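Open the structure in your viewer and keep the selection panel at hand. The stops below say what to select next and what is there.

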Amino acid sequence: MSELLCKAKQFLVEKVANVKTPEATVTDVDLEGVHRDSIDYGAKVSVDNPYEAAIPICEISYVLKSDGRVIASGTIPDPGSLKAKDTTILDVPVKVPHSVLVSLVKDIGRDWDIDYELEIGLTIDLPIVGNFTIPLSWKGEVKLPTLSDLF
């Protein structure tokens, strides 16, 4: 009986290890809007679903860092589903308060941009496996709006 149980465990481990999972990449981060109290940025995430069925997305979490400090973070609960056997483009809005930008004066003063790292966790509900998080990371620089952008 013990040998049969070991073989069953081994079979399950092999099958789960070879299960295809959705693959995701950050494709772009852009300035979305300038407000009195904040600047909005938007990240585009492309997700390929290899399954014949749509997969529910449990949540999207994000952390935006600059100069080693967290300048924005948040969670988007229940953002929808991944299309079956297709690519889904997800929008991840990031709001950065102006008060945070003041603390980044050194970086901004050099070249009027913010060097950043965006970390995104895309948590999906895979059949049999359960909740599965796809970690993503993207580094870049965001140009700050000039007076001409505001008016």
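**Stop 1: an exposed residue**

Select D78: with a relative accessible area of 61%, D78 is exposed, because the cut-off for that word is over 50%. D78 belongs to strand 4, which covers residues 69–82. Now look at the backbone of D78: its phi is positive, about 45°, although D78 is not a glycine. Most residues other than glycine have a negative phi.

Next, select K85, in the loop between strand 4 and strand 5. K85 is not a glycine either, and its phi is positive, near 45°.

**Stop 2: confidence**

Keep in mind that this is a predicted model. Colour the protein by pLDDT. The average is 82, and 76% of the residues score at least 70. Which element has the lowest mean pLDDT, and which the highest? Select helix 4 (residues 147–150) for the lowest, with a mean of 58. Then select strand 3 (residues 55–66) for the highest, with a mean of 93.

**Stop 3: the open sheet**

Select strands 1, 2 and 5 together. These 3 strands form an open sheet in the order 1-2-5, and their pairing is antiparallel. Why is one side of strand 1 and of strand 5 left without a neighbour in the sheet? Strand 1 (23–34) and strand 5 (87–97) stand at the edges and have a single partner strand each, so one side of each has no neighbour there. On average, neighbouring strands of this sheet are turned by 20° against each other, direction ignored.

**Stop 4: strands 1 and 2**

Hide strand 5 and keep the other two. Strand 2 covers residues 38–48, and it pairs with strand 1 in the antiparallel sense over 10 bridges. A hairpin of 3 residues joins strand 1 to strand 2. To follow the pairing, select G33 and then D40, its bridge partner in strand 2. Then select V29, which stands opposite A43 in strand 2.

In a regular strand the side chains alternate between the two faces of the sheet.

**Stop 5: a buried residue**

Stay in strand 2 and select S46. Is S46 buried or exposed? Its relative accessibility is 13%, so S46 counts as buried, the cut-off being under 20%. Show what surrounds S46, leaving aside its neighbours within four places in sequence: S46 is in contact with E23, A24, T25, T27, T87, T88 and I89.

Note on methods:
Residues are numbered from 1 along each chain as its sequence is written. This is a predicted model: local features need pLDDT of at least 70, side-chain atom pairs count only at pLDDT 80 or more; totals for chains, interfaces and linings use all residues. Side-chain values use heavy atoms; hydrogens and water are left out. Two strands pair if DSSP finds at least two bridges between them. Helices (H or I, at least four residues) and strands (E, at least two) are DSSP runs, numbered from the N terminus. Axes are lines fitted to C-alpha atoms, for helices over the stretch in contact, and angles run from 0 to 180 degrees between N-to-C directions. Buried means under 20% relative accessible area, exposed over 50%, partly exposed in between (1.4 Å probe, protein chains only). Contact means heavy atoms within 4.5 Å. pLDDT is the predictor's confidence in each residue, from 0 to 100.
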